[in-house]
Amino acid sequence: MKIQSIEVAPLVYQLKQPFTFAGVRLEQLDYAIVRVTTEAGVVGYGECPAYWEPRGETQASTLKAVAGISSFFSGMECATPEALGSALTQRIPRDYAAACGIDIALHDALGREERKPVFAYYGEAKPVPVEAAIPMVEESEASALVARALEQGIEVFKVKVGMDAERELRLLREIRKAIGPNRTLFVDANQGWKTLEAAQRALAAFAECTLAWVEQPMPASLPYDDFRKLQASSGVPIMLDESTYVVEDARAALDAGAATLFNIKLAKSRGLWGGHVLAREADARGASYMLGSMIEGALGTYAGVHFAATHAVRTTALNAFTFINDDKAFGPPVVHGYMHAPTTPGLGYDHAERFAACFAR
């Protein structure tokens, strides 16, 4: 595949209702969209989720990063995902969301040009498990989300915590009662417990709810030794999210004994190839991982489905697009708790005209 051009445009999603977690209230998502055109006239699209901390990326910085690297790729031959990922790592190592959008668009274009689904570059596809995410909402709304997920056959439930342990314990009790003793329940504090002692108190209180793991209990700025101590004292396995973007981060955390699980997000890992490298390291070290979401639309969702279909994910957050109020936010249906990667070329989404409209001048 020979690249002719890479373009970028703003992409703004409105949420159906505010999404709240650990001191953050999201009402819209300021992203970017990437379009790759090859010399054969094939077009691929990718999404850059860029609203988030702690490493300081914004929509403006992402637009600048993609525009700044586009001329480097013009005329380049890209035959493999590894070549694409290596080039992005070298050229924009700290613009994670920008690299993610370019990586997804390049995978999409490569698959379309070679008439292969994206998952085929990584292995045989298997069904993709999907979790239900419960944000910081009223108990009645949480109950409705849980009931809807149970109707879809979902077996894994994530609850956002980290602000009010007493209220959160009441909610966890209700959710555990609703889902029964055998389904997986875990919590995500999104760095909300600011000290080791606060995290220890909260997990001790939550113990009765039988948590499978706790995601990012403390700030990423705290030393790995605090995470190691929390895991040892609570007995709850720790999953790192904000602490771990790329394979080097995961390697350091594993060396320090700070975690046994990771939340891989394509927006953090610079896309599919970077996520693959991180997953390969975790597999080799006996660690586990899930595939998270930054609340992506269709492009991020379909890329995630292809990634998860060929990697040993514990669960995925790929149903998060349902929080977005936009016709560019859709994904494969959830059937008996699973999504399935499309077998059509590239990412396999429909309605490409919706993404093309973002580039109308």
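The following questions and answers concern the pockets and one helix of a predicted model.

Student: What is the volume of the largest pocket?

Tutor: Rolling a probe the size of a water molecule over the atoms shows where empty space is left. For the largest pocket, that space comes to about 480 Å³.

Student: Which residues are the closest to the centre of the largest pocket?

Tutor: The lining of the largest pocket consists of 30 residues. At least two of them come from each of β1 (3-21), β2 (24-38) and β6 (156-160). The closest to the centre are F21, Y51, N190, E242 and K265.

Student: How many residues in the lining of the largest pocket are charged?

Tutor: The lining divides into three classes. Nonpolar residues number 15 and polar residues five, while the charged residues number ten.

Student: Which elements give two or more residues to the lining of the second largest pocket?

Tutor: The second largest pocket has a volume of about 380 Å³ and is lined by 19 residues. A133, L145, R148, T322 and F323 lie nearest its centre. The elements that give two or more residues to this lining are β1, β5 (131-134) and α4 (139-151).

Student: What span does helix α5 reach from its first C-alpha to its last?

Tutor: Helix α5 covers residues 165-179, which makes 15 residues. At 1.5 Å a residue, 21 Å is expected. The span in the model is close to that, at 20 Å.

Student: What covers the buried residues of α5?

Tutor: Buried residues here have under 20% relative accessible area. In α5 they are R167, E168, L169, L171, L172, I175, R176 and I179. Their cover includes β5, α4, β6, β7 (184-188) and α6 (196-206).

Conventions
Residues are numbered from 1 along each chain as its sequence is written. This is a predicted model: local features need pLDDT of at least 70, side-chain atom pairs count only at pLDDT 80 or more; totals for chains, interfaces and linings use all residues. Side-chain values use heavy atoms; hydrogens and water are left out. On a 1 Å grid over the protein atoms alone, a cavity is a set of points where a 1.4 Å probe fits but cannot get out, and a pocket is an open set with protein on both sides within 12 Å along at least five of seven lines; lining residues have an atom within 4 Å of a point. Grid points are joined across faces, edges and corners, and a volume is the space filled by probe spheres set on the points. Helices (H or I, at least four residues) and strands (E, at least two) are DSSP runs, numbered from the N terminus. Ala, Val, Leu, Ile, Met, Phe, Trp, Tyr, Cys and Pro count as nonpolar, Asp, Glu, Lys and Arg as charged, and the others, Gly among them, as polar. The expected span of a helix is 1.5 Å times one less than its number of residues. Buried means under 20% relative accessible area, exposed over 50%, partly exposed in between (1.4 Å probe, protein chains only). Contact means heavy atoms within 4.5 Å.
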